[in-house]
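Let's take a walk through a two-chain model together. Have the viewer open, and follow along heading by heading.

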Amino acid sequence: MDSSPTEPSRRRLLSLAAAAGVATALGGLPAFTATAAPQRPANAPLSQGSSRDQLWWQAPADEHSMIEQGLPVGNGRLGALASNDPGRELLLITDATMWTGGLNDTLDADGQFPYGREDFGSFTLLGRLTVDIPDHDLSAVSGYRRTLDLAQGLVTTSYVRSGVTYRRQIFASRPDDAIVLHFTQSGGGRYTGSIALDGTHGETTRRTQSFGAAFPNGLRYGAAMTAYGSGGSVTVNGPRIDFAGCKDLTVVVSGGTNYAPDAVTHYRDPSLDPERLARTKVRDAATHSADTLLRTHAADHRALFEQLEISLGTSSAGQRSLDTWERIRARARDGEPDPELEAAYLQFGRYLMISGSRGSLPLNLQGLWLDGNDPDWMGDYHTDINIQMNYWMADRAGLSRCFDALTDYCLAQLPSWTALTRSLFNDPRNRYRNSTGKIAGWTVAISTNIHGGNGWWWHPAGNAWLCTTLWEHYEFTRSRSHLTRIYPLLKGACEFWEARLITTTLPGSSEEVLIADSDWSPEHGPLDAKGITYAQELVWALFDNYRAASAELKKDTAYAATIAGLQKRLYLPKVSPKTGWLEEWMSPNNLGETTHRHLSPLVGLFPGDRIRPDASTPPEIVEGATALLTARGMESFGWANAWRSLCWARLKNADKAYQLIVNNLRPSTGGGNGTAPNLFDIYQVEQGRGIFQIDANFGTPAAMIEMLLYSRPGHLELLPALPDAWAKSGSVTGVGARGGFVVDLRWRDGKPTEARIRSVGGRTTTVAYGDRSRTVTLKPGASVTLRDFAR
Amino acid sequence: MRSSSYAPTAPGRRTTRAVLVLALTAAMAATLPAAQAATPTATATADSEAVAGVAGVAAKPYMGWSSWSMQSSKYPGLNPDGDYSYLTEKNVLKQADALAAKLKPYGYEYVNLDAGWWRDQDWTPQFDQYARQKADLGRFPRGMKAVADHIHGKGLKAGIYLPVGLEKEAYGDGKIPIWNADDCTTADIVHGDLRTTNGWDSAYKLDYSNPCAQKYVDSQARLFADWGYDFLKLDGVGPGSGKSGDQYDNVADVAAWQRAIAATGRPIHLEISWSLDIGRVADWKKHSNGWRIDTDVECYCNTLVSWENSVDDRWDDAPGWTRHAGPGGWNDLDSLDVGNGQMDGLTKAERQSYATLWAIAKSPLYTGDDLTRLDSYGLSLLTNREVIALNQGGTPPARPVTPSDPQQVWAARNTDGSYTVALFNLADAPAAVTADWATLGFTGKAAVRDLWNHENLGTYRNKVTQALPAHGSRLFTVTPRGGALATTGYEAESSANTLSGNASVADCSACSEGRKVGNLYLGGTLRFNDVVVDRAGTYQVKVAYVSGDARSVDVSANGNGATRHKLPSTGDWGTAETVSVPVSLKAGANTITFDSGSGYAPDIDRIDVPKSS
């Protein structure tokens, strides 16, 4: 057994960081920190908002079904699910960094990582806020309605009690770093009740209306609230706040942890007192009116939300008359496309990204939202599809800025991942260890936490997939600073594979190829297969990306040549003569589950694009990929359907791509796969039990956009897989395109009528529709509008 | 006719009412197509003329208090001396005093003792020298008359209880004489084989072929009349009470009690219990003033009741009985334990729903709560005058106008043209529930009054939607301002339809045009072809059907996704009822399919499709 210390020493981490060239990452953005007074836009108007960007319901959430019915708000770090019950508002509050567990660097007997809530850790709730208004029992109010305004980031509840209309707004402000609840009325009503803020880990709320504590892992956390109103009294009553006879009431809550994205400090900011900081935050916010706070928040939120607008057609008056949940059910029952609902589903994904991925950790399996402290799979970062899928939509949907949380995370973890790889990966008990005996660079396990640690089984190709995801962000944005930041990750992953690849001679030939060592194709089939397609494709893409990065940055030219040499010798998958499918295991046999959820061997079709349905790819490879995708079927979990849809979009099969989106829009009942009333995607873990897993909420919108625009550096294709349901007329603005462009697109009767190409760093690209193509060359910032595609 | 046996108190009572019903139905038919009578017609008006002969017994659902909920509960402190020990003179009088003080002004009048008044705290029974139950002096030191006297002194009425049959312990080797019956002994009143009867087999079955049996019942009734009791709950009655077959057929006992009560000359309300067989409802109606349709509402747990055990059963079980309720005899849903949330074991929403169903079903309203400990919300539920008026007034009982889905709507058409409309959300989470005016048979605007909250909510067009908490409800009076709904009818048996599987046309005297489609089971389907509407939309399609028990069916249009609906029981296989189901139709011709799926579906009589959505 390795006798390395349980935690890498600071010196060792620093040296690793220096070696990896990631010193710039250290001391990066703390998650919860004091900030300067926010910019308050002068006279920022509150937009009325388009009804197309508003979801609405006619009933509040059940306290025990918050994950399906609660409405999410979030400021990128601090989030909540709100019940919107008139008599008892409930907020389940989360902070992205609120994690148990630690470095988790003692391997189990099988050379893999422990995976429990104590050792690996789990995402957990920060607290719960309740506002009780006894007179407003749901049985006593009428005309109840709640609305989620995606454009403004605002949850509104309204109802009538005894002739008075009561209105409640809830939002999570990034500028003020707090969640705000604003209660108003018209008609002479008054609010009487009480407010309580409670922890969920046995904390005691103090007379300061705040609590604070620390986990055994040393993570300190805290939350605080305050309230103010007019026309009545707001009084502190021990840990609670009572209010009586108020014409209006504002409640402000904030909180966080002392997590710091810095391996050197073991991911803590020892100087930060979260409870105290939370008190400061709510006190500062409370010096402003709720209206001011809302305007500040809405301006901040809209700046991102308005980056993309989409219309997929017009829904019927009947469809528009239904609330969101009725509409979801009608869409499934009647089989009638509901283009506005489908567009709203896409915008909901964007709303979640804006709310859950800014200035802190990236979106985990549940994004930023929880209904308890025992999320399945710990609410962690799964590196074999889920975290990647969470970010497929960001650049495509005008939210490149939200992508940074993923980059920041990988950089902050890298020193620890590197140290753990070097000390533990070649443990003799690890079935996936390098048979070469060499070790270099870094990789991860299938699960990663926020403490630099891994969970469950080693996942050698996970490094490559993280890198290709980070690389694509560069392709979309052409951001040189981003490329500079991720370069050490790419290079470290290349070094890992340089040490790991093994040489084999293909049967019946003398051709020597490089293949990946023993591995598991996620998440089925043999545990020890060499040369799995998943790894071959990802490493091929990693090498390709690294070569481009090296050339762009003019760095490590010699090493890039080495990598190019390796890439040339990489084995690439063949089509099985037995099944006609692209092989998954370097075997003609189907060694796994035919309809398995993962599409690991198709990673070269999407998100990669080595396999293209054009002359660049041998037809038999495209056919083999198509046959495999067909065999995988059309019925799976939400994220698996989304991935399938993306693959079908790449294959320009609009009907199948669309059907998979429709499948994901099916209402989830009894825990079944599908969409919950709050539009969260539900994953059926077992009969009768569904959990929220957010990846499909991003993967599905990503597929919708991919159906409208295909891009790779130097080539754009308009409406590659436009389904009949959206064909009549539509438009989208702000779609990100690889190669460094943003595209606005209009279509009618299935054909593009206008495309505006704007460069955000790209220079020259072809723009194609069907078999027509033209080339445009732009300077960054310049744009061109193209018409007459259908001639 | 049975009238001879009933003559002393109710000459021709039922006959009179039946004629009245027919007359009203005919009047309705003149104004609305018969098939559009979506809601129960006003058959149960307070026809005082019809009930005058019984001195007002059960002219309206009775109101009061019963001891059993507290006796049966393990709620801390209620039964300190053992199970059922709550039943004592002291406790009953305390409750009587509380009833008089708090609830009597609202119409509550009966104070009913339940099982055990003749048993000591070890549940050992006591009988007099004539094999009649005798007060246990530990519980009732002054005997039963003193209790009734006290209750009467408060201006209230007193109720007592018996299990049906001759309790085994009263048999006394067959040698116990029967009071006022020369030469009759207990051996003469039961069957020679000492066959047992009632829901617990606690008694020997009485053999009325020997006149001594009636004499025994007469002797008990005489005793109750002499003590001054106004109400008798006869329990364990079958078929029902979990029993069936000749041995447990107690119809003759109920009839004997009816005769015995009549012979006393004292108007004593005769209530029978429990889970009575609906197949014998004609007998229950003939011989009693009310019948428990279900098992005990009590949970026999640490509270008085619980939602699942078994308050919520009533939504499924009441619909089949609805049309049998009326002056003289009512569907008894059991105790209404909504007075103290903690003791009741129910949420506020559940308590309101409980009270709503009892009120609109015209169930007797008797609470089993500790009346000395009503909480303010419980008191508000029990004393809401608008809701009580609904239960006690001339409006007919409501029944479902939508399927028995988790969100459901019940309604009754009132004599003044308004509707009683109750919204229920039986799901475990809040949900919106919509009452669509089309399900009530009219269209356009209507005024909505909220009875529980004493508020006019304003005018609603075509429907009202409200958010309801888990297990929640709303209770409205809806007054139409618009017109009748125009519909197009399609007969299930029409040759234009497509039947598959075992589905087949059958005769049905209760059905329109005398026929229906039945045998809809295990994949059998009925498809209406060519259902034409002018505009696309969601239509409330009224389904007339026959189903002796609650059955589910998948309803779909045009081959699209189906929605499974549970249709409430119509009570027997000879009665048609209607509910409306929402169906999305396109402009022009549509198909509507009723698919039994993997189960058994109701028989379908016809559908009526609104001309506009």
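How many bridges join β4(B) to strand β6 of chain B, and do they run parallel or antiparallel? There are 2 bridges between β4(B) and β6 (residues 203-204) of chain B, and the strands run antiparallel.

## Before we start

This is a predicted model, in which local features need pLDDT of at least 70 and side-chain atom pairs count only at pLDDT 80 or more, while totals for chains, interfaces and linings use all residues. Residues are numbered from 1 along each chain as its sequence is written, and chains are lettered from A and ligands numbered from 1 in the order in which they are written.

## A sheet in chain B

The strands just mentioned belong to an open sheet of 3 strands in chain B, ordered β4-β6-β5 with antiparallel pairing (strands pair if DSSP finds at least two bridges between them; strands are DSSP runs of E with at least two residues, helices are runs of H or I with at least four, and both are numbered from the N terminus). β4 (166-167) and β5 (196-197) of chain B stand at the edges with a single partner strand each, so one side of each has no neighbour in the sheet. Within β6(B), B:Ala203 is the bridge partner of B:Glu167.

## Two helix pairs

Two packed helices are described by the angle between their axes and the distance between the axes. Here the axes are lines fitted to C-alpha atoms, for helices over the stretch in contact, with angles from 0 to 180 degrees between N-to-C directions. In chain B, the axes of α8 (residues 211-227) and α9 (residues 251-264) come within 8 Å and cross at roughly 50°. α8(B) and α9(B) are therefore oblique to each other (under 35 degrees counts as roughly parallel, over 145 as roughly antiparallel, 65 to 115 as roughly perpendicular, and the rest as oblique). Their crossing is right-handed (the near helix is turned clockwise from the far one by less than a right angle; anticlockwise would be left-handed). Residues in this contact include B:Val217 and B:Ala221 from α8(B), and B:Trp257 and B:Ile261 from α9(B) (contact puts the C-beta atoms, placed from the backbone, within 7 Å).

In chain A, the axes of α13 (residues 533-553) and α14 (residues 557-569) come within 9 Å and cross at roughly 155°. That makes α13(A) roughly antiparallel to α14(A), and the crossing is left-handed. Among the contact residues are A:Trp540, A:Phe543 and A:Tyr546 of α13(A), with A:Ile563 and A:Leu566 of α14(A). By class, this contact has 8 nonpolar, 3 polar and 2 charged residues (Ala, Val, Leu, Ile, Met, Phe, Trp, Tyr, Cys and Pro count as nonpolar; Asp, Glu, Lys and Arg as charged; the others, Gly among them, as polar).

## Domains

Chain A is divided into domain 1 (54-333) and domain 2 (726-787), with bounds from an automatic or database domain assignment. The centres of these two domains, taken over C-alpha atoms, are separated by 39 Å. Their contact takes 7 residues from domain 1 of chain A and 9 residues from domain 2 of chain A.

Chain B is divided into domain 1 (3-399), domain 2 (401-480) and domain 3 (487-610). Between domain 1 and domain 2 of chain B, 29 residues of the former are in contact with 25 residues of the latter. On the domain 1 side, α13(B) gives the largest share, 6 residues.

Note on methods:
Two residues are in contact if their C-beta atoms, placed from the backbone, lie within 7 Å.
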